[in-house]
Amino acid sequence: MLLINQDLRIDHENWDLVSTIGRHKPKLYTSTRDIIRDVSSGKLAIAYNIIGSYAFQRARDDPAFGVIVPAEYTLMMSRVAIIARRARHPIAAERLLNFLLSSHGQRLISERGMSPIRSDVPQPHPELSGSNIRAIRAGPAPLANLDSRNRKRFIDQWNETVEPH
């Protein structure tokens with residue numbers, strides 16, 4: 001729901017794409033892992049709006065699996081880490097965050113197919129470093145999807161537009 005809502009924020013006309021997909025009775029999933037498994041096995045021919053780091057990992061390990069990065073734009077999701085005010089071990093949490101943000105930590109993240117935030121660590125997928133990247137920023141906007149009225153409005157429109165398989 002996060003990705004499609006972000007698509008719709010960029011261009012409300014994306015409902016036309018959803019409608020087109022919906023006419024072909026798509027199989028809907030709640031897990032990128034399951035989608036990738038079914039594409040890789042040949043059960044599905046194509047998938048849309050899946051988590052890229054997992055898809056790129058599969059493409060690296062499976063020559064029959066490919067990833068297409070749309071030229072128009074690609075959504076990039078942030079991974080967020082915080083230290084709770086009442087964390088039991090705030091010093092250990094701070095050390096973990098410092099490691100994740102270190103050059104070594106960012107290299108390990110990059111090796112797992114995720115985009116590093118440090119400029120001294122190479123991007124594992126150069127196709128994700130162009131001007132067509134649209135970041136999903138952490139903050140209140142993505143949380144609006146959790147509001148029950150917004151969620152109901154989206155699901156109602158989704159159900160009118162998409163006929164699931």
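**Notebook: a serine in a loop, an aromatic cluster and a pocket**

I began with S31, which I found in the loop between α2 and α3, the latter helix covering residues 32–41. I note at the outset that I am working from a predicted model, and that what I write below is computed from it.

Is S31 buried or exposed? I looked up its relative accessible area, which is 18%, and since buried means under 20%, S31 counts as buried. I then asked which atom its side chain reaches, and found the backbone nitrogen of R33, at 3.3 Å.

I also looked at K27 and Y29, where the charged end of K27 sits over the ring of Y29, 5.1 Å from the centre of that ring.

Next I stepped back to the whole protein, for which I noted eight helices and two strands, and I wrote down their order along the sequence as α-α-α-α-β-α-α-β-α-α. The C-alpha trace spans about 50 × 45 × 30 Å along its principal axes, and of the 165 residues I see 25% counted as buried.

I then turned to the aromatic rings, for which the count comes to two aromatic pairs. For W15 and F154 I recorded ring centres 5.7 Å apart and planes at 40 degrees; because that angle is neither under 30 nor over 60 degrees, I entered the pair as tilted. This pair links distant parts of the chain, with W15 in helix α2 (residues 14–23) and F154 in helix α8, 139 residues apart. I checked the burial of both partners against the cut-off of 20%: W15 has 8% relative accessibility and so counts as buried, and F154, at 11%, counts as buried too. Which residues do the ring pairs link into a cluster? I found W15, F154 and W158.

F154 led me on to the second largest pocket, since F154 is among the residues that lie nearest its centre, together with N5, L8, N145 and N150. I noted a volume of about 270 Å³ for this pocket and a lining of 14 residues. Which helices each supply at least two residues of that lining? I wrote down α1 (2–10) and α8 (148–161). Sorting the lining of the second largest pocket by class, I recorded six nonpolar, six polar and two charged residues.

My closing note is on F154, which I met twice: the ring of F154 pairs with that of W15, and F154 also lies among the residues nearest the centre of the second largest pocket.

Methods. Residues are numbered from 1 along each chain as its sequence is written. This is a predicted model: local features need pLDDT of at least 70, side-chain atom pairs count only at pLDDT 80 or more; totals for chains, interfaces and linings use all residues. Side-chain values use heavy atoms; hydrogens and water are left out. On a 1 Å grid over the protein atoms alone, a cavity is a set of points where a 1.4 Å probe fits but cannot get out, and a pocket is an open set with protein on both sides within 12 Å along at least five of seven lines; lining residues have an atom within 4 Å of a point. Grid points are joined across faces, edges and corners, and a volume is the space filled by probe spheres set on the points. Helices (H or I, at least four residues) and strands (E, at least two) are DSSP runs, numbered from the N terminus. Ala, Val, Leu, Ile, Met, Phe, Trp, Tyr, Cys and Pro count as nonpolar, Asp, Glu, Lys and Arg as charged, and the others, Gly among them, as polar. Rings of Phe, Tyr and Trp (its six-membered ring) pair if their centres lie within 6.5 Å; planes under 30 degrees apart count as stacked, over 60 as edge-to-face and the rest as tilted. Buried means under 20% relative accessible area, exposed over 50%, partly exposed in between (1.4 Å probe, protein chains only). A charge sits over a ring if NZ of Lys or CZ of Arg is within 6 Å of the ring centre and within 35 degrees of the ring normal. A polar contact is a pair of N or O atoms within 3.5 Å; within protein, one must be able to donate a hydrogen and the other to accept it, and residues adjacent in sequence count only if both atoms are side-chain atoms.
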